[in-house]
Amino acid sequence: MARRTERRPSLFALMHEDAQAALDRDPAADSIRDIVLYSTGTHIVWSYRWHRWLYEHGMRGLALLLAKRTRRRLGADIFPSAQIWRRFSIDHGIGVVIGGTAIIGDDCLIYQGVTLGMTGKHGGKRHPTLGNNVMVGANATVLGDIHVGDNAKIAAGAVVVHEVPHDTTVAGVPAHVVRDRRCERLQFVEDSFDALSVDDENIRWSCAL
């Protein structure tokens, strides 16, 4: 994901977007009231938003202290310097760990037990970057300064240590692509189109559906 230079919305605007995103994604919630009162994942996201605001406004020590309190109270550990953009959702939320140099794009969803961690590098960028609209399944582990492309899905329990292309699903230990939704040469054709008449074998077979 390219470095983002636009300004974030206000803190309260971000929190409102997070709550609406959680409602849209949670079939068990009937209203925003349910999200505000009962959604542990949203409470974790909101706590991070406050900590991040304090961190950005020069109150690093207070941000870290409150993050430690949230770790004990809600069972999730998100370092305040992590960059998490808009409409972020955590489903359930217990056991989530997100490192300090992690970057998460818009409209991402992660489940309980997810770790965005490092592989031993202790300087510079050392945690993953998730693109937009990424889903990370329960207990998945994503390690190191790697990029997960837009619209990617990481299956529950996967261990990801290499780049994940956009529009793919990865699973396993170590994770590998199990579904690829990229088909750059796919085209709509007329019903009368004769595939056998095409000279390019790649066009005939690489996007067979």
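This is a short talk through one helix, a few salt bridges and a parallel sheet in the structure above.

Okay, so before anything else: what we have here is a predicted model. Keep that in mind as I go.

Let me start with helix α4, residues 60-74. The quick sanity check first. It has 15 residues, and at 1.5 Å a residue the span should be 21 Å; the C-alpha atoms at its ends are 21 Å apart, so the two agree.

Now, which residues of α4 are buried? That would be Ala63, Ala67, Thr70 and Leu74. Look down the helix axis and those buried residues sit within an arc of 60°, so they line one face of α4. Over on the other side of the helix, you find Leu65 and Arg72 exposed. And what do the buried residues pack against? Two elements: α3, which is 40-56, and β1, which is 77-78. Right after the helix ends, Gly75 has a positive phi, about 75°.

We can look at that packing from the α3 side too. Ser47 lies in helix α3. Is Ser47 buried or exposed? Its relative accessible area is 11%, and the cut-off for buried is under 20%, so Ser47 counts as buried. If you skip the neighbours within four places in sequence, Ser47 is in contact with Thr70, Arg73 and Leu74. Thr70 and Leu74 should sound familiar, since they are among the buried residues of α4.

On to charges. The count comes to 8 salt bridges, and I'll go through some of them. Arg71 pairs with Asp77, with the closest N and O atoms 3.3 Å apart. Both ends are partly exposed: Arg71 has a relative accessible area of 36%, and Asp77 has 25%.

Next, Asp107 and Arg87. Here the closest N and O atoms of the salt bridge are 2.5 Å apart. Where do these two sit? Asp107 is in the loop between β5 (103-104) and β6 (109-111), while Arg87 is in the loop between β2 (83-84) and β3 (89-91). So the pair ties together parts that are 20 residues apart in sequence. Again, we're looking at partly exposed residues, with Asp107 at 25% relative accessible area and Arg87 at 26%.

Then there's Arg182 with Asp180, a salt bridge whose closest N and O atoms are 2.7 Å apart. Arg182 is partly exposed at 33% relative accessibility, and Asp180 is partly exposed at 41%. One more thing on this topic: salt bridges with shared partners join Glu17, Arg86, Arg87 and Asp107 into one network. So if you're setting up a picture of the Asp107 and Arg87 pair, Glu17 and Arg86 belong in the view, because the network includes them.

Last topic, the sheet. How many strands form it, and in what order? There are 5, running β1-β4-β7-β10-β13, in an open sheet with parallel pairing. At the edges you have β1 and β13 (159-160), each of which pairs on one side only. So β1, which the buried residues of α4 pack against, turns up here as an edge strand.

At the other edge, β13 runs parallel to β10, residues 141-143, and 2 bridges join them. If you want to find that pairing on screen, look for Val142, whose bridge partner in β13 is Val160.

That's what I had, thanks.

Methods
Residues numbered from 1 in each chain as written. Predicted model: local features only at pLDDT ≥ 70, side-chain atom pairs only at ≥ 80, totals over all residues. Heavy atoms only, no water. Helix = DSSP H or I, 4+ residues; strand = E, 2+ residues; numbered from the N terminus. Expected span 1.5 Å × (residues − 1). Buried < 20%, exposed > 50% of the residue type's maximum accessible area, 1.4 Å probe, protein only. Arc of directions from axis to C-beta. Contact = heavy atoms within 4.5 Å. Salt bridge = Lys/Arg side-chain N within 4 Å of Asp/Glu carboxyl O. Pairing = 2+ DSSP bridges.
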